[in-house]
Amino acid sequence: MEIVLLGTGCTVCNRLGQTLMEILAELALPAEVTHITDAAAIGRYGVLGTPALVINGEVKAVGREPSANELRTWLRKAQARAERKAG
């Protein structure tokens with residue numbers, strides 16, 4: 001699973017990153033997590049606000065901090081899709 005956190009390093013962005021890592025550990029999900037802070041690189045994703053979260057190339061949230069329950073749901077679904085593809 002590939003996860004990209006887009007954010008300038010603000011408190012909300014950092015908190016989202018921390019929550020994301022905690023949930024990945026809780027669910028024992030393997031993932032490559034990248035935190036992009038460069039404004040030009042963030043712009044390449046076509047998002048107009050931060051924090052933003054991209055899971056396996058799909059933008060899931062922009063300009064807000066998703067709840068832990070939302071994160072769990074998105075991560076479980078992404079993992080299930082990956083397992084079906086590999087299956």
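In this predicted model, A82 is partly exposed, with a relative accessible area of 35%. The residue belongs to helix α3, which covers residues 68-86. A82 and N56 are 26 residues apart along the chain, and their C-alpha atoms are separated by 9.4 Å. Q79 is also part of helix α3. Its relative accessible area is 16%, and because the limit for a buried residue is under 20%, Q79 counts as buried. Leaving aside residues up to four places away in sequence, Q79 touches M1, L29 and P30.

Helix α3 is one element of a chain that has three helices and four strands. Read from the N terminus, the order of these elements is β-α-β-α-β-β-α. For 87 residues, a compact globule would be expected to have a radius of gyration near 12 Å, and the chain agrees with this because its own value is 12 Å. Along the principal axes, the C-alpha atoms fill a box of roughly 40 × 25 × 15 Å. Of the 87 residues, 34% are buried. Among contacts with a separation of 6 or more, 63% are made by residues 24 or more positions apart.

The area exposed by the chain is about 5100 Å², and carbon and sulfur atoms supply 50% of it. The charged side chains number 10 positive and 9 negative. The centres of these two sets lie 7 Å apart.

Strand β1 spans residues 2-6, and four of its five residues are buried, so the strand is largely enclosed by the rest of the structure. It pairs with strand β2, residues 32-36, in the parallel sense, and five bridges connect the two. Within this pairing, E2 has E32 of β2 as its bridge partner. Strand β1 also pairs with β3, here in the antiparallel sense and over four bridges. In that pairing V4 stands opposite V54 of β3.

Strand β3 occupies residues 52-55. Both of its faces are covered: A52 and V54 are buried on one side, and L53 and I55 are buried on the other. Besides its bridges to β1, strand β3 has an antiparallel pairing with β4 over four bridges. Strand β4 runs over residues 58-62, and its residue A61 stands opposite L53. Together β3 and β4 form a hairpin, with two residues between the strands.

The turn of this hairpin contains N56, whose phi is positive at about 50 degrees. N56 is not a glycine, and it is found in the loop between β3 and β4. With a relative accessible area of 41%, N56 is partly exposed. This is the residue whose C-alpha atom is separated by 9.4 Å from that of A82, so the two can be described together in terms of exposure: N56 has a relative accessible area of 41%, and A82 has one of 35%.

A positive phi is also found at A28, a residue other than glycine, where the angle is near 55 degrees. A28 is located in the loop between α1, residues 11-27, and β2. It has a relative accessible area of 64%, and because exposed means over 50%, A28 is classed as exposed. Most residues other than glycine have a negative phi, and most peptide bonds are trans.

A peptide bond of the cis kind joins T50 and P51, with omega about 0 degrees. P51 is placed in the loop between α2, residues 39-43, and β3.

A further loop, the one between β2 and α2, holds D38. D38 is partly exposed, with a relative accessible area of 44%. From C-alpha to C-alpha, D38 and G7 are 8.0 Å apart in space, while in sequence they are 31 residues apart.

Terms used
Residues are numbered from 1 along each chain as its sequence is written. This is a predicted model: local features need pLDDT of at least 70, side-chain atom pairs count only at pLDDT 80 or more; totals for chains, interfaces and linings use all residues. Side-chain values use heavy atoms; hydrogens and water are left out. The radius of gyration is taken over C-alpha atoms; the globule rule is 2.2 Å times the number of residues to the power 0.38. Buried means under 20% relative accessible area, exposed over 50%, partly exposed in between (1.4 Å probe, protein chains only). Contact means heavy atoms within 4.5 Å. Accessible areas come from the Shrake-Rupley method with a 1.4 Å probe; for residues, only the protein chains shown count as cover. Lys and Arg count as positive and Asp and Glu as negative; His and the chain ends are not counted. The place of a charge is taken as NZ of Lys, CZ of Arg, CG of Asp or CD of Glu. Two strands pair if DSSP finds at least two bridges between them.
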